[in-house]
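Let's take a walk through this model, one region at a time. Have the structure open and follow along.

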Amino acid sequence: MHWLTLLLLTPMLGAFLVAAIPGQQAVLIRRMAIFASGMALLLACGLWFLFDSTATQFQLSESVVWNERLGTAYALGIDGISYPMVLLAALLSLIALLASGSITDRPKGYYLLVLVLESAMLGVFMARDWALFYVFWELTLIPLFFLIDRWGGKNRQGASLNFVLYTMGGSVFMLISLLLLFESVPGHSFSMTAITEAGRALPEDTQVWIFLGLLVGFGVKMPIFPIHGWLPLAHVEAPSPISILLSGILLKMGAYGLIRAADTLPAAVMALQTFLMALALISIIYGGLLAWRQTDLKAMIAYSSVSHMAVVLLGIAALNITGLTGAVMQMVAHGLVAGATFLLIGLLYQRTHTRDINQYSSLIRVAPRFAFFTTLAFMAAVSLPGTAGFIAELHVLIGGFQQWQWWVLALSLGVLISAAYAVRTVGRLFTGPVRPDMQDVQDLQRTETLAASILIAGILVLGVFPAPLLSLLDVSVTQMAALFTGGGQ
(Lines give C-alpha, C1' and ligand atoms only; values in the text may rest on other atoms or scores of the structure.)
Protein backbone atom coordinates (compact mmCIF):
# COMPACT_ATOMS: atom_id res chain seq x y z
CA MET A 1 0.00 0.00 0.00
CA HIS A 2 1.18 3.51 -0.87
CA TRP A 3 0.09 4.86 2.51
CA LEU A 4 1.69 8.29 2.16
CA THR A 5 0.14 8.88 -1.26
CA LEU A 6 -3.23 7.82 0.13
CA LEU A 7 -2.81 10.29 3.01
CA LEU A 8 -1.73 13.05 0.63
CA LEU A 9 -4.69 12.52 -1.72
CA THR A 10 -7.43 12.12 0.91
CA PRO A 11 -7.96 15.88 1.54
CA MET A 12 -7.58 16.56 -2.20
CA LEU A 13 -10.26 13.97 -2.98
CA GLY A 14 -12.42 15.65 -0.35
CA ALA A 15 -11.89 18.96 -2.17
CA PHE A 16 -13.10 17.40 -5.45
CA LEU A 17 -16.19 16.01 -3.72
CA VAL A 18 -16.90 19.42 -2.16
CA ALA A 19 -16.57 20.96 -5.63
CA ALA A 20 -19.23 18.56 -6.91
CA ILE A 21 -21.78 19.53 -4.24
CA PRO A 22 -24.18 22.40 -5.14
CA GLY A 23 -23.18 25.61 -3.37
CA GLN A 24 -26.58 25.97 -1.68
CA GLN A 25 -26.05 22.81 0.41
CA ALA A 26 -23.79 24.43 2.98
CA VAL A 27 -24.37 21.78 5.68
CA LEU A 28 -23.45 18.92 3.34
CA ILE A 29 -20.35 20.81 2.15
CA ARG A 30 -19.19 21.31 5.74
CA ARG A 31 -19.83 17.68 6.68
CA MET A 32 -17.98 16.40 3.61
CA ALA A 33 -14.95 18.61 4.35
CA ILE A 34 -14.86 17.50 8.00
CA PHE A 35 -15.22 13.87 6.96
CA ALA A 36 -12.34 14.09 4.46
CA SER A 37 -10.08 15.81 6.98
CA GLY A 38 -11.09 13.33 9.67
CA MET A 39 -10.17 10.42 7.37
CA ALA A 40 -6.78 12.05 6.74
CA LEU A 41 -6.21 12.29 10.50
CA LEU A 42 -7.16 8.63 10.97
CA LEU A 43 -4.70 7.64 8.23
CA ALA A 44 -1.97 9.78 9.80
CA CYS A 45 -2.59 8.17 13.20
CA GLY A 46 -2.64 4.72 11.57
CA LEU A 47 0.91 5.27 10.32
CA TRP A 48 2.00 5.02 13.98
CA PHE A 49 1.54 1.23 13.78
CA LEU A 50 3.64 1.02 10.59
CA PHE A 51 6.40 3.34 11.79
CA ASP A 52 9.54 1.83 13.34
CA SER A 53 11.00 4.41 15.73
CA THR A 54 14.30 2.47 15.89
CA ALA A 55 15.00 2.65 12.14
CA THR A 56 17.59 5.18 10.93
CA GLN A 57 16.34 5.52 7.36
CA PHE A 58 13.20 7.19 6.00
CA GLN A 59 10.18 4.90 6.11
CA LEU A 60 7.12 4.10 4.00
CA SER A 61 9.13 5.52 1.10
CA GLU A 62 7.65 5.86 -2.38
CA SER A 63 9.47 7.08 -5.47
CA VAL A 64 8.48 7.48 -9.12
CA VAL A 65 10.78 9.31 -11.54
CA TRP A 66 9.09 12.31 -13.13
CA ASN A 67 11.76 13.75 -15.37
CA GLU A 68 15.03 11.87 -15.57
CA ARG A 69 16.85 14.70 -17.36
CA LEU A 70 15.87 17.24 -14.69
CA GLY A 71 16.46 14.77 -11.89
CA THR A 72 12.99 15.19 -10.39
CA ALA A 73 10.86 12.48 -8.83
CA TYR A 74 7.62 11.99 -6.94
CA ALA A 75 9.32 10.80 -3.75
CA LEU A 76 7.71 10.59 -0.32
CA GLY A 77 8.96 9.33 3.05
CA ILE A 78 8.80 10.09 6.77
CA ASP A 79 11.22 9.91 9.68
CA GLY A 80 11.09 10.76 13.38
CA ILE A 81 11.20 14.51 12.63
CA SER A 82 8.65 14.70 9.81
CA TYR A 83 6.07 12.25 11.18
CA PRO A 84 5.11 14.41 14.22
CA MET A 85 4.63 17.32 11.82
CA VAL A 86 2.34 15.19 9.63
CA LEU A 87 0.24 14.30 12.68
CA LEU A 88 0.11 17.96 13.75
CA ALA A 89 -0.93 19.14 10.28
CA ALA A 90 -3.72 16.57 10.03
CA LEU A 91 -5.00 17.35 13.54
CA LEU A 92 -5.01 21.15 13.22
CA SER A 93 -6.62 20.99 9.77
CA LEU A 94 -9.54 19.08 11.28
CA ILE A 95 -9.71 21.50 14.23
CA ALA A 96 -9.77 24.47 11.83
CA LEU A 97 -12.66 22.93 9.90
CA LEU A 98 -14.59 22.19 13.10
CA ALA A 99 -14.10 25.85 14.09
CA SER A 100 -15.40 27.13 10.73
CA GLY A 101 -19.11 26.92 11.53
CA SER A 102 -19.48 30.71 11.27
CA ILE A 103 -18.35 30.74 7.61
CA THR A 104 -21.64 31.26 5.77
CA ASP A 105 -20.42 33.39 2.86
CA ARG A 106 -19.39 31.18 -0.10
CA PRO A 107 -18.78 28.09 2.08
CA LYS A 108 -18.06 25.87 -0.92
CA GLY A 109 -14.96 27.82 -1.96
CA TYR A 110 -13.80 28.16 1.64
CA TYR A 111 -13.91 24.46 2.53
CA LEU A 112 -12.45 23.45 -0.82
CA LEU A 113 -9.45 25.76 -0.34
CA VAL A 114 -8.83 24.54 3.23
CA LEU A 115 -8.69 20.92 2.00
CA VAL A 116 -6.27 21.85 -0.80
CA LEU A 117 -4.15 23.68 1.77
CA GLU A 118 -4.11 20.59 4.00
CA SER A 119 -2.83 18.41 1.14
CA ALA A 120 -0.09 20.94 0.33
CA MET A 121 1.03 21.14 3.97
CA LEU A 122 1.18 17.35 4.27
CA GLY A 123 3.18 17.24 1.04
CA VAL A 124 5.80 19.62 2.44
CA PHE A 125 6.49 17.34 5.40
CA MET A 126 6.48 14.09 3.38
CA ALA A 127 8.44 15.15 0.26
CA ARG A 128 11.81 13.49 -0.28
CA ASP A 129 12.65 15.43 -3.42
CA TRP A 130 13.54 19.13 -3.18
CA ALA A 131 11.68 19.97 -6.42
CA LEU A 132 8.54 18.28 -5.07
CA PHE A 133 9.06 20.03 -1.72
CA TYR A 134 9.24 23.38 -3.51
CA VAL A 135 6.05 22.64 -5.47
CA PHE A 136 4.13 21.87 -2.28
CA TRP A 137 5.72 24.87 -0.52
CA GLU A 138 4.48 27.25 -3.22
CA LEU A 139 1.14 25.46 -3.48
CA THR A 140 0.30 26.51 0.09
CA LEU A 141 0.40 30.15 -1.02
CA ILE A 142 -2.53 29.90 -3.44
CA PRO A 143 -5.29 28.75 -1.04
CA LEU A 144 -3.92 30.94 1.76
CA PHE A 145 -3.99 34.03 -0.43
CA PHE A 146 -7.66 33.51 -1.31
CA LEU A 147 -8.67 32.42 2.20
CA ILE A 148 -7.30 35.66 3.65
CA ASP A 149 -8.33 37.85 0.71
CA ARG A 150 -11.94 36.59 0.47
CA TRP A 151 -12.85 35.71 4.06
CA GLY A 152 -10.53 37.96 6.11
CA GLY A 153 -11.07 41.23 7.98
CA LYS A 154 -11.40 44.75 6.63
CA ASN A 155 -7.69 45.03 5.69
CA ARG A 156 -7.65 41.56 4.13
CA GLN A 157 -6.40 42.63 0.68
CA GLY A 158 -3.28 44.24 2.11
CA ALA A 159 -2.68 41.32 4.48
CA SER A 160 -2.98 38.67 1.76
CA LEU A 161 -0.74 40.59 -0.64
CA ASN A 162 1.80 41.25 2.12
CA PHE A 163 1.88 37.56 3.00
CA VAL A 164 2.37 36.41 -0.59
CA LEU A 165 5.06 39.01 -1.40
CA TYR A 166 7.08 38.21 1.72
CA THR A 167 6.85 34.46 1.17
CA MET A 168 7.57 34.60 -2.54
CA GLY A 169 10.51 36.92 -1.88
CA GLY A 170 11.92 34.35 0.53
CA SER A 171 11.20 31.57 -1.96
CA VAL A 172 13.48 33.24 -4.53
CA PHE A 173 16.44 32.88 -2.15
CA MET A 174 15.42 29.30 -1.40
CA LEU A 175 15.18 28.43 -5.09
CA ILE A 176 18.61 29.88 -5.88
CA SER A 177 20.14 27.86 -3.03
CA LEU A 178 18.41 24.68 -4.18
CA LEU A 179 19.66 25.19 -7.75
CA LEU A 180 23.21 25.61 -6.44
CA LEU A 181 22.83 22.35 -4.53
CA PHE A 182 21.35 20.69 -7.62
CA GLU A 183 24.45 21.71 -9.59
CA SER A 184 26.70 20.12 -6.97
CA VAL A 185 25.12 16.67 -7.34
CA PRO A 186 26.95 14.34 -9.75
CA GLY A 187 24.46 13.55 -12.49
CA HIS A 188 22.19 16.40 -11.27
CA SER A 189 19.29 15.37 -9.08
CA PHE A 190 16.81 17.02 -6.71
CA SER A 191 16.67 13.89 -4.55
CA MET A 192 17.04 14.92 -0.90
CA THR A 193 19.32 11.96 -0.25
CA ALA A 194 21.62 12.82 -3.17
CA ILE A 195 21.65 16.54 -2.34
CA THR A 196 22.42 15.81 1.32
CA GLU A 197 25.45 13.72 0.34
CA ALA A 198 26.66 16.35 -2.13
CA GLY A 199 25.96 19.27 0.21
CA ARG A 200 28.01 17.80 3.04
CA ALA A 201 30.98 17.45 0.70
CA LEU A 202 30.98 21.13 -0.36
CA PRO A 203 33.62 23.57 0.97
CA GLU A 204 32.58 25.49 4.09
CA ASP A 205 32.39 28.89 2.35
CA THR A 206 30.09 27.48 -0.34
CA GLN A 207 27.92 25.81 2.28
CA VAL A 208 27.61 29.08 4.21
CA TRP A 209 26.37 31.08 1.20
CA ILE A 210 23.88 28.37 0.24
CA PHE A 211 22.65 28.04 3.82
CA LEU A 212 22.14 31.80 4.14
CA GLY A 213 19.83 31.68 1.12
CA LEU A 214 17.85 28.84 2.70
CA LEU A 215 17.81 30.72 6.03
CA VAL A 216 16.09 33.69 4.37
CA GLY A 217 13.60 31.44 2.55
CA PHE A 218 12.68 29.40 5.60
CA GLY A 219 13.19 32.28 8.05
CA VAL A 220 10.42 34.34 6.44
CA LYS A 221 7.95 31.53 7.11
CA MET A 222 9.13 30.74 10.69
CA PRO A 223 9.33 33.86 11.08
CA ILE A 224 12.69 35.16 12.30
CA PHE A 225 13.40 38.81 13.19
CA PRO A 226 13.70 41.01 11.12
CA ILE A 227 11.84 39.22 8.28
CA HIS A 228 8.63 38.72 10.23
CA GLY A 229 6.71 41.75 8.93
CA TRP A 230 3.93 39.77 7.24
CA LEU A 231 2.95 37.84 10.37
CA PRO A 232 0.94 40.24 12.58
CA LEU A 233 -1.19 41.67 9.77
CA ALA A 234 -1.88 38.23 8.26
CA HIS A 235 -2.90 36.78 11.64
CA VAL A 236 -5.11 39.71 12.57
CA GLU A 237 -6.92 39.83 9.21
CA ALA A 238 -7.17 36.09 8.48
CA PRO A 239 -10.34 34.22 9.46
CA SER A 240 -9.74 32.73 12.91
CA PRO A 241 -9.71 29.09 11.70
CA ILE A 242 -7.04 30.03 9.15
CA SER A 243 -5.01 31.72 11.91
CA ILE A 244 -4.94 28.28 13.57
CA LEU A 245 -3.27 26.85 10.45
CA LEU A 246 -1.02 29.86 9.90
CA SER A 247 0.46 29.75 13.38
CA GLY A 248 0.06 26.05 14.08
CA ILE A 249 1.45 24.60 10.83
CA LEU A 250 2.71 27.19 8.34
CA LEU A 251 5.35 28.50 10.75
CA LYS A 252 6.48 24.90 11.38
CA MET A 253 7.11 24.44 7.67
CA GLY A 254 9.86 27.05 7.90
CA ALA A 255 11.41 25.42 10.97
CA TYR A 256 11.18 21.96 9.37
CA GLY A 257 12.89 23.22 6.21
CA LEU A 258 15.64 24.79 8.32
CA ILE A 259 16.27 21.46 10.08
CA ARG A 260 16.62 19.74 6.70
CA ALA A 261 18.96 22.53 5.55
CA ALA A 262 21.12 22.07 8.66
CA ASP A 263 21.28 18.34 8.00
CA THR A 264 22.39 19.00 4.41
CA LEU A 265 24.95 21.74 5.18
CA PRO A 266 26.45 20.90 8.59
CA ALA A 267 29.67 22.88 8.12
CA ALA A 268 27.65 26.04 7.40
CA VAL A 269 25.51 25.65 10.51
CA MET A 270 28.57 25.11 12.68
CA ALA A 271 30.23 28.20 11.19
CA LEU A 272 27.09 30.29 11.75
CA GLN A 273 26.20 28.79 15.13
CA THR A 274 26.85 31.92 17.21
CA PHE A 275 25.02 34.11 14.67
CA LEU A 276 21.96 31.81 14.81
CA MET A 277 22.05 31.85 18.61
CA ALA A 278 22.14 35.67 18.69
CA LEU A 279 19.32 35.87 16.14
CA ALA A 280 17.22 33.47 18.24
CA LEU A 281 17.75 35.33 21.53
CA ILE A 282 16.95 38.71 19.92
CA SER A 283 13.76 37.26 18.40
CA ILE A 284 12.71 35.70 21.73
CA ILE A 285 12.91 39.01 23.61
CA TYR A 286 11.69 41.18 20.70
CA GLY A 287 8.62 39.02 20.04
CA GLY A 288 7.80 38.85 23.75
CA LEU A 289 8.04 42.61 24.27
CA LEU A 290 5.86 43.36 21.24
CA ALA A 291 3.28 40.80 22.39
CA TRP A 292 3.25 42.43 25.85
CA ARG A 293 2.44 45.83 24.31
CA GLN A 294 -0.58 44.62 22.31
CA THR A 295 -4.20 45.17 23.27
CA ASP A 296 -5.51 43.27 20.21
CA LEU A 297 -5.65 39.63 21.30
CA LYS A 298 -4.84 38.15 17.87
CA ALA A 299 -1.92 40.55 17.40
CA MET A 300 -0.62 39.56 20.83
CA ILE A 301 -0.67 35.84 19.99
CA ALA A 302 0.90 36.57 16.59
CA TYR A 303 3.86 38.40 18.12
CA SER A 304 4.20 35.72 20.79
CA SER A 305 4.65 33.25 17.93
CA VAL A 306 7.80 35.13 16.88
CA SER A 307 9.16 34.55 20.39
CA HIS A 308 8.12 30.90 20.62
CA MET A 309 9.45 29.97 17.17
CA ALA A 310 12.76 31.63 18.09
CA VAL A 311 13.03 28.95 20.79
CA VAL A 312 12.98 26.42 17.94
CA LEU A 313 15.82 28.30 16.23
CA LEU A 314 17.80 28.32 19.48
CA GLY A 315 17.35 24.56 19.81
CA ILE A 316 18.53 24.00 16.24
CA ALA A 317 21.52 26.29 16.79
CA ALA A 318 22.59 24.29 19.87
CA LEU A 319 23.56 21.43 17.49
CA ASN A 320 23.32 18.78 20.19
CA ILE A 321 20.83 16.02 20.92
CA THR A 322 19.09 17.85 23.77
CA GLY A 323 18.72 21.12 21.84
CA LEU A 324 17.49 19.48 18.62
CA THR A 325 15.01 17.35 20.57
CA GLY A 326 13.72 20.49 22.28
CA ALA A 327 13.39 22.26 18.91
CA VAL A 328 11.12 19.57 17.45
CA MET A 329 9.20 19.26 20.73
CA GLN A 330 8.66 23.04 20.70
CA MET A 331 7.32 22.84 17.15
CA VAL A 332 4.69 20.33 18.30
CA ALA A 333 3.96 22.16 21.57
CA HIS A 334 3.59 25.57 19.92
CA GLY A 335 1.38 24.08 17.22
CA LEU A 336 -1.04 22.82 19.87
CA VAL A 337 -0.85 25.96 22.04
CA ALA A 338 -1.22 28.40 19.13
CA GLY A 339 -4.04 26.29 17.73
CA ALA A 340 -5.88 26.39 21.07
CA THR A 341 -5.39 30.13 21.68
CA PHE A 342 -6.41 31.17 18.15
CA LEU A 343 -9.39 28.81 18.28
CA LEU A 344 -10.68 30.25 21.55
CA ILE A 345 -9.97 33.91 20.78
CA GLY A 346 -11.54 33.48 17.35
CA LEU A 347 -14.71 31.98 18.82
CA LEU A 348 -14.81 34.76 21.41
CA TYR A 349 -14.50 37.39 18.67
CA GLN A 350 -17.42 35.84 16.76
CA ARG A 351 -19.60 36.41 19.83
CA THR A 352 -18.36 39.84 20.98
CA HIS A 353 -17.04 41.39 17.72
CA THR A 354 -14.05 42.82 19.54
CA ARG A 355 -10.49 41.67 20.14
CA ASP A 356 -9.59 44.58 22.42
CA ILE A 357 -8.53 43.11 25.76
CA ASN A 358 -9.75 46.24 27.60
CA GLN A 359 -13.37 45.57 26.56
CA TYR A 360 -13.60 42.23 28.34
CA SER A 361 -14.17 41.44 32.02
CA SER A 362 -15.36 38.61 34.27
CA LEU A 363 -16.39 36.23 31.51
CA ILE A 364 -16.07 33.37 34.00
CA ARG A 365 -19.57 34.26 35.24
CA VAL A 366 -21.24 34.12 31.83
CA ALA A 367 -18.98 31.71 29.90
CA PRO A 368 -17.24 29.34 32.34
CA ARG A 369 -16.10 26.85 29.66
CA PHE A 370 -14.44 29.71 27.76
CA ALA A 371 -12.71 30.80 30.97
CA PHE A 372 -11.51 27.28 31.77
CA PHE A 373 -10.03 26.44 28.35
CA THR A 374 -8.62 29.92 27.69
CA THR A 375 -6.85 30.00 31.06
CA LEU A 376 -5.32 26.58 30.37
CA ALA A 377 -4.23 27.69 26.89
CA PHE A 378 -2.50 30.83 28.17
CA MET A 379 -0.85 28.93 31.02
CA ALA A 380 0.44 26.44 28.44
CA ALA A 381 1.81 29.38 26.40
CA VAL A 382 3.93 30.27 29.46
CA SER A 383 5.28 26.67 29.45
CA LEU A 384 4.18 25.85 33.00
CA PRO A 385 5.31 22.44 34.31
CA GLY A 386 2.83 19.79 33.22
CA THR A 387 2.44 21.26 29.72
CA ALA A 388 4.18 20.27 26.48
CA GLY A 389 5.93 23.64 26.23
CA PHE A 390 7.72 23.04 29.55
CA ILE A 391 9.29 19.81 28.26
CA ALA A 392 10.31 21.52 25.02
CA GLU A 393 11.80 24.67 26.55
CA LEU A 394 13.58 22.69 29.25
CA HIS A 395 15.34 20.65 26.56
CA VAL A 396 16.28 23.82 24.65
CA LEU A 397 17.50 25.47 27.85
CA ILE A 398 19.70 22.50 28.78
CA GLY A 399 20.98 22.06 25.22
CA GLY A 400 21.72 25.78 24.96
CA PHE A 401 23.48 25.82 28.34
CA GLN A 402 25.69 22.92 27.24
CA GLN A 403 26.74 24.99 24.26
CA TRP A 404 26.83 28.64 25.45
CA GLN A 405 26.57 28.47 29.25
CA TRP A 406 25.04 31.61 30.83
CA TRP A 407 24.17 33.37 27.56
CA VAL A 408 21.14 31.16 27.27
CA LEU A 409 19.60 32.81 30.36
CA ALA A 410 18.07 35.28 27.90
CA LEU A 411 15.61 32.47 27.15
CA SER A 412 14.44 32.70 30.77
CA LEU A 413 13.84 36.43 30.27
CA GLY A 414 11.61 35.58 27.32
CA VAL A 415 9.64 33.16 29.51
CA LEU A 416 9.15 35.89 32.14
CA ILE A 417 7.83 38.32 29.52
CA SER A 418 5.45 35.61 28.28
CA ALA A 419 4.22 35.08 31.82
CA ALA A 420 3.60 38.82 32.19
CA TYR A 421 1.27 39.19 29.22
CA ALA A 422 -0.40 35.78 29.75
CA VAL A 423 -1.34 36.54 33.36
CA ARG A 424 -2.43 40.06 32.40
CA THR A 425 -4.66 38.68 29.64
CA VAL A 426 -6.30 36.06 31.86
CA GLY A 427 -6.85 38.73 34.52
CA ARG A 428 -8.45 41.18 32.09
CA LEU A 429 -10.65 38.53 30.49
CA PHE A 430 -12.02 36.85 33.57
CA THR A 431 -11.91 39.23 36.56
CA GLY A 432 -13.72 42.40 37.56
CA PRO A 433 -17.39 43.35 37.23
CA VAL A 434 -19.39 42.03 34.28
CA ARG A 435 -19.71 44.71 31.60
CA PRO A 436 -23.29 45.28 30.36
CA ASP A 437 -22.34 44.42 26.78
CA MET A 438 -20.73 41.11 27.89
CA GLN A 439 -23.66 39.71 29.89
CA ASP A 440 -25.09 37.65 27.03
CA VAL A 441 -21.90 36.05 25.66
CA GLN A 442 -22.72 32.50 24.61
CA ASP A 443 -20.49 29.81 26.08
CA LEU A 444 -18.68 27.16 24.03
CA GLN A 445 -21.00 24.82 22.13
CA ARG A 446 -20.56 21.04 21.86
CA THR A 447 -18.41 20.97 18.70
CA GLU A 448 -16.33 23.91 19.89
CA THR A 449 -15.78 22.29 23.29
CA LEU A 450 -14.68 19.08 21.55
CA ALA A 451 -12.14 20.95 19.41
CA ALA A 452 -10.73 22.85 22.41
CA SER A 453 -10.65 19.69 24.53
CA ILE A 454 -8.60 17.79 21.94
CA LEU A 455 -5.92 20.49 21.79
CA ILE A 456 -5.74 21.07 25.56
CA ALA A 457 -5.63 17.30 26.15
CA GLY A 458 -2.72 17.03 23.71
CA ILE A 459 -0.84 19.79 25.53
CA LEU A 460 -1.34 18.19 28.94
CA VAL A 461 -0.69 14.59 27.86
CA LEU A 462 2.60 15.53 26.18
CA GLY A 463 3.50 17.60 29.25
CA VAL A 464 2.92 14.75 31.70
CA PHE A 465 3.85 11.80 29.48
CA PRO A 466 6.24 12.94 26.70
CA ALA A 467 7.97 9.54 26.35
CA PRO A 468 6.18 8.39 23.13
CA LEU A 469 7.07 11.59 21.28
CA LEU A 470 10.63 11.63 22.63
CA SER A 471 11.17 8.02 21.55
CA LEU A 472 9.77 8.88 18.13
CA LEU A 473 12.34 11.66 17.73
CA ASP A 474 15.30 9.89 19.33
CA VAL A 475 16.94 8.04 16.43
CA SER A 476 16.51 10.82 13.84
CA VAL A 477 17.75 13.53 16.21
CA THR A 478 20.70 11.45 17.42
CA GLN A 479 21.73 10.71 13.85
CA MET A 480 21.57 14.40 12.95
CA ALA A 481 23.43 15.59 16.07
CA ALA A 482 26.29 13.19 15.26
CA LEU A 483 27.11 15.41 12.25
CA PHE A 484 28.09 18.33 14.47
CA THR A 485 31.25 17.15 16.20
CA GLY A 486 31.72 20.63 17.70
CA GLY A 487 28.21 20.71 19.18
CA GLY A 488 28.60 18.10 21.85
CA GLN A 489 26.08 15.45 22.79
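Keep in mind that this is a predicted model. A good place to start is helix H8, whose buried residues are covered by, among others, helix H5 (130–139), helix H7 (156–184), helix H9 (204–221) and helix H11 (240–264). The residues in question sit in H8 (residues 192–200): Met 192, Ile 195, Thr 196, Ala 198 and Gly 199 are buried. There's a bit of helix geometry worth recalling here: an α-helix has 3.6 residues a turn, so residues three or four places apart point the same way.

Now look at Arg 200, which also belongs to H8. With 36% relative accessibility, Arg 200 counts as partly exposed, because that value falls between the 20% cut-off for buried and the 50% cut-off for exposed. Its side chain meets that of Asp 263 in a salt bridge, at 2.9 Å from N to O. Asp 263 is in helix H11, so this pair ties together parts of the chain that are 63 residues apart in sequence. Asp 263, at 17% relative accessibility, counts as buried.

H11 has another charged residue to offer. Which residue forms a salt bridge with Arg 260? The partner is Asp 79, with the closest N and O atoms 2.8 Å apart. This pair links distant parts of the chain, since Asp 79 is in the loop between S2 and H3 while Arg 260 is in helix H11, 181 residues away. Both Asp 79 and Arg 260 are buried; for Asp 79 the relative accessibility is 7%. Leaving out residues up to four places away in sequence, Asp 79 touches Phe 51, Phe 58, Pro 84, Arg 260 and Ser 476.

Follow the chain back from that loop, which runs between S2 and helix H3 (82–98), and you're in strand S2. Is S2 enclosed or open? In S2 (residues 72–78), 7 of the 7 residues are buried, so the strand is largely enclosed by the rest of the structure. Both faces are covered, with Thr 72, Tyr 74, Leu 76 and Ile 78 buried on one side and Ala 73, Ala 75 and Gly 77 buried on the other. S2 pairs with strand S1 (residues 59–67) in the antiparallel sense, over 6 bridges. To find the register, look at Ser 63, whose bridge partner in S2 is Ala 75. The hairpin has 4 residues between the two strands, and there Gly 71 takes a positive phi near 70 degrees.

Back to salt bridges for a moment: a search of the whole structure finds 7. One more to look at joins Arg 351 and Glu 448, whose closest N and O atoms are 2.6 Å apart. Here, too, distant parts of the chain are linked, with Arg 351 in helix H15 (residues 321–352) and Glu 448 in helix H19 (residues 446–464), 97 residues apart. Arg 351 and Glu 448 are both buried.

H15 also leads us to the last stop, the cavities. There are 3 cavities of 30 Å³ or more, and the largest holds about 80 Å³ of space. Its lining includes Ile 301, Ser 304, His 308, His 334, Thr 341, Phe 378 and Tyr 421. Helix H14 (297–318), H15 and helix H16 (368–381) are the elements that give two or more residues to that lining. What classes of residue make up the lining of the largest cavity? It has 6 nonpolar and 5 polar residues, and no charged ones.

How values were computed: Residues numbered from 1 in each chain as written. Heavy atoms only, no water. Buried < 20%, exposed > 50% of the residue type's maximum accessible area, 1.4 Å probe, protein only. Pairing = 2+ DSSP bridges. Contact = heavy atoms within 4.5 Å. Salt bridge = Lys/Arg side-chain N within 4 Å of Asp/Glu carboxyl O. 1 Å grid on protein atoms, 1.4 Å probe; cavity = no way out; pocket = protein on both sides within 12 Å on 5 of 7 lines; lining within 4 Å. Points joined across faces, edges and corners; volume = space filled by probe spheres on them. Nonpolar A, V, L, I, M, F, W, Y, C, P; charged D, E, K, R; others polar.
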